[in-house]
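Morning, everyone. Please bring up the model, and we'll go through one helix and the sheet beside it.

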Amino acid sequence: MQGCTHAPQAVVGRVYRPRKPRASALYQCAARHAPDLRASGRFGRRVEENVIGRFLACGDPQHGFARIYCDQCRYACILAFSCKARYFCPSCHQKRVLAYGEWVEANVLAPVPHRQYVFTLPRLLRPIFARRRTLLGRLCNIVERLFARFYASARPGARPGIILFVQTFGDLVNFNPHIHVLATDGAFDPDGGFAGLPPIPRKLIEPWFGAEVLSLLRREGLVSETLAGRMLAWRHTGFSAHNGVRVRAKDAAGRRRLAQYMLRAPFSLEKMSYDLKSETVIYRSRMHKTLKRNFQIMHGADWLAQLCAHIPDRFEHLVRYAGWYSNRSRGKRTRMEAQPAEVTTREVDAREAARVRSTWARLIHKVYEVDPLECPRCKSPMRVIALIDDKAVIRKILSHLGLWAPQTAAGRGPGPPVTDPPRPAAPILTYHAVPDIA
Ligand SMILES: [Zn+2]
Ligand SMILES: [Zn+2]
């Protein structure tokens with residue numbers, strides 16, 4: 001909390017600022033090098049430049065905020081908007097990850113044993129997926145078919161519940177596309193009964209997965225017949241499918257953690273440092289098998305370009321639900337369960353809203369260790385009284401509070417704002433619910 005001062009009507013004005021966005025190594029690096037990438041045409045896609053622009057404005061009241069107010073004690077403060085950038089903004093993505101764990105456990109996962117499968121590709125083929133991101137979805141289709149096929153042969157008529165997560169990164173944030181699968185360790189019969197089954201053996205899935213992927217790339221004209229044949233004949237094809245991690249039926253926390261792990265961001269802010277003088281990033285992580293080192297040193301611009309490769313396209317889904325967990329199956333079950341209770345829509349909405357509100361509050365508390373909508377003075381719930389995104393008004397209010405400090409290029413002293421991000425259609429608060437991730 002800072003900037004305590006008196007606002008009109010004897011109401012105290014403050015900024016709720018749980019973190020200092022401009023102080024992070026990523027902010028410094030992005031603010032310094034985004035203009036370089038733009039000038040040298042290194043933003044491969046429009047979405048990359050857009051996301052970085054939004055990230056640089058995230059949590060910064062100079063770019064807009066909500067005014068929140070306590071009816072009980074007339075305490076007021078402002079709450080900066082967040083960027084919601086997936087797989088880039090550490091703060092926004094982490095909120096998404098935390099909320100997702102809660103949401104998926106409450107709404108999707110059944111209390112049965114689960115298993116993690118990880119499907120990886122040979123190094124030779126990985127760059128193809130960076131150039132053609134739509135193939136990542138096709139990769140998911142292959143894995144989905146594989147599960148359907150093997151479970152159908154093990155128990156005809158039964159279906160496993162599976163969630164597929166695309167990850168495009170390795171430990172050193174290199175481009176390494178792979179699929180994580182959170183699958184029920186068994187399958188559901190049509191009547192809803194669950195039958196525990198042994199895991200699909202790696203010896204069975206790996207060759208099948210490899211052959212399907214190569215066949216897809218051959219059909220797309222991205223790999224020659226000869227190369228595909230040669231790769232399949234290799235002793236170590238590079239196609240692998242790990243299946244070693246299992247979570248017991250009663251371990252709800254374990255399921256949640258696994259889902260969160262699968263949705264995690266490409267990189268961790270704690271592992272990154274940036275030296276402004278030499279414009280160098282050091283990233284410390286786990287030992288990389290091929291590079292034989294546990295760190296990465298890069299020029300800031302190269303590092304930023306590498307991070308950009310992990311930003312999904314605007315409507316690209318990196319999480320998919322299939323089998324018993326498919327949106328269709330879940331919708332059908334929800335409708336069947338809702339019928340006998342005979343609750344009106346209005347009642348359900350109110351209850352649902354209350355549940356979501358309490359989930360949000362809990363999550364916000366987890367992230368910031370404080371609830372921005374709880375009055376810090378009297379602990380009553382506060383409410384949003386205005387959303388401010390007009391530049392002139394922002395300046396007027398922040399100047400009044402003594403908080404007007406427009407963004408400048410990191411380390412380059414005062415100057416014009418580093419970036420002028422596109423204004424979102426609807427202003428966003430620094431917290432959000434997550435079901436839109438599905
Ligand atoms: Zn953000
Ligand atoms: Zn109050």
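On one side of helix 6, Lys-203 and Arg-219 are exposed. Exposed means 12 or fewer other C-beta atoms within 10 Å of the residue's own, buried means 20 or more, partly exposed is in between, and C-beta atoms are placed from the backbone. This is a predicted model: local features need pLDDT of at least 70, side-chain atom pairs count only at pLDDT 80 or more, and totals for chains, interfaces and linings use all residues. Residues are numbered from 1 along each chain as its sequence is written, with chains lettered from A and ligands numbered from 1 in the order in which they are written.

Helices (H or I, at least four residues) and strands (E, at least two) are DSSP runs, numbered from the N terminus.

Now the other side. Ile-205, Phe-209, Gly-210, Val-213, Leu-214 and Leu-217 of helix 6 are buried. Down the helix axis, the buried residues fall within an arc of 150°, taken from the directions from axis to C-beta atoms, so they line one face. What do they pack against? Strand 5, helix 4, helix 5, helix 7 and strand 10 (contact: C-beta atoms, placed from the backbone, within 7 Å). After helix 6 comes Gly-221, with a positive phi near 75°.

Next, the sheet. Five strands, open, order 10-5-7-6-14, antiparallel pairing (at least two DSSP bridges between two strands). Strand 10 and strand 14 are the edges, each pairing on one side only.

Seven bridges join strand 6 to strand 7. Phe-165 has His-180 in strand 7 as its bridge partner.

Conventions
Two residues are in contact if their C-beta atoms, placed from the backbone, lie within 7 Å.
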